[in-house]
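Please take the sequence and the model together, and read the paragraphs below with both in view. They go from an internal space to the helix beside it, and then to aromatic rings and two single residues.

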Amino acid sequence: MKIVFDNNVLISAALLKNSIPFKAFENAVKHHVVLRSRKTFLELNTILFKSKFDRYFEDNNSRYAFIFSFINASESIDVRHHIDMCRDPKDNMYLELALSGKADCIVTGDSDLLVLHPFEKIPIITPKSFLDHSFNQ
């Protein structure tokens, strides 16, 4: 399966080991293909290095370690779709990635995305739902 994670889930996974987002991401990396686009990756990188997250990381090396592990565990997709339907316009990039990468699901905790479930027959689910259902194998 091909999975798109929104950056809020990825940030939670990076900050909180043993959390549901971490377990969902870990499961996806082991059993599926995680998709990323240039736009989603740049946003992840920008957010992860915000000073408000300093207390969660020993130093910038641990942030870089997460970024490098994410790059190695994911597949880059050239986005060829333009979507303008999410009530939070910056979340359209996940829908675009999902369509362009032929994703099997989008994993998010964002209500602006969850309200669109399903999107073009692509389930939009929470990290807990991903772990609890058949998406995880």
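**From the cavity outwards**

In this predicted model, the largest cavity has a volume of about 40 Å³, and the structure holds 1 cavity of 30 Å³ or more. Its lining is made up of Phe5, Asn7, Leu10, Leu35, Thr40, Phe41, Leu44, Phe70 and Leu97. Sorted by class, the lining of this largest cavity has 7 nonpolar and 2 polar residues, and no charged ones. Two helices, α1 (7–15) and α3 (38–48), each supply at least two residues of that lining, and α3 gives the most, with 3 residues.

Helix α3 therefore deserves a closer look, since it gives the most to the lining of the largest cavity. Buried in α3 are Thr40, Phe41, Glu43, Leu44, Ile47 and Leu48. These residues cover an arc of only 160° around the axis, and they are therefore on the same side of α3. The general background is that an α-helix has 3.6 residues a turn, so residues three or four places apart point the same way. On the other side of α3, Arg38, Lys39 and Thr46 are exposed. The buried residues of α3, for their part, pack against α1, β2 (33–36), α4 (60–73) and α5 (92–100).

Which residues form one aromatic cluster? The members are Phe5, Phe25, Phe41, Phe66, Phe70 and Phe130. Among these, Phe5, Phe41 and Phe70 also belong to the lining of the largest cavity. A pair of aromatic rings is described by the distance of the centres and the angle of the planes. The count of aromatic pairs comes to 8. In one of them, the rings of Phe25 and Phe70 have their centres 6.1 Å apart and their planes at 35°, so this pair is tilted. The pair links distant parts of the chain, with Phe25 in helix α2 (residues 20–31) and Phe70 in helix α4, 45 residues apart. Phe25 counts as buried at 8% relative accessibility, and Phe70 is buried too, with a relative accessible area of 2%. Phe53 and Tyr56 give another tilted pair, because their ring centres are 6.4 Å apart and their planes are at 55°. Here Phe53 counts as buried at 11% relative accessibility, whereas Tyr56 is partly exposed, with a relative accessible area of 35%.

Two single residues complete the picture, and the first question is whether each is buried or exposed. Lys39, in helix α3, has 52% relative accessibility and therefore counts as exposed, the cut-off being over 50%. Leaving out residues up to four places away in sequence, Lys39 touches Met93 and Glu96. Lys39 and Tyr94 are 55 residues apart in sequence and 9.2 Å apart in space, C-alpha to C-alpha.

Val4, found in strand β1 (residues 2–5), counts as buried because its relative accessibility is 0%. Apart from its neighbours within four places in sequence, Val4 is in contact with Leu35, Tyr94, Leu97, Ala98, Ala103, Cys105, Ile106 and Val107. One of these contacts, Ala98, is 94 residues from Val4 in sequence, and the two are 6.3 Å apart in space, C-alpha to C-alpha. Leu35 and Leu97, which Val4 contacts, are also among the residues that line the largest cavity.

Notes
Residues numbered from 1 in each chain as written. Predicted model: local features only at pLDDT ≥ 70, side-chain atom pairs only at ≥ 80, totals over all residues. Heavy atoms only, no water. 1 Å grid on protein atoms, 1.4 Å probe; cavity = no way out; pocket = protein on both sides within 12 Å on 5 of 7 lines; lining within 4 Å. Points joined across faces, edges and corners; volume = space filled by probe spheres on them. Helix = DSSP H or I, 4+ residues; strand = E, 2+ residues; numbered from the N terminus. Nonpolar A, V, L, I, M, F, W, Y, C, P; charged D, E, K, R; others polar. Buried < 20%, exposed > 50% of the residue type's maximum accessible area, 1.4 Å probe, protein only. Arc of directions from axis to C-beta. Contact = heavy atoms within 4.5 Å. Phe/Tyr/Trp six-rings, centres within 6.5 Å; stacked < 30°, edge-to-face > 60°.
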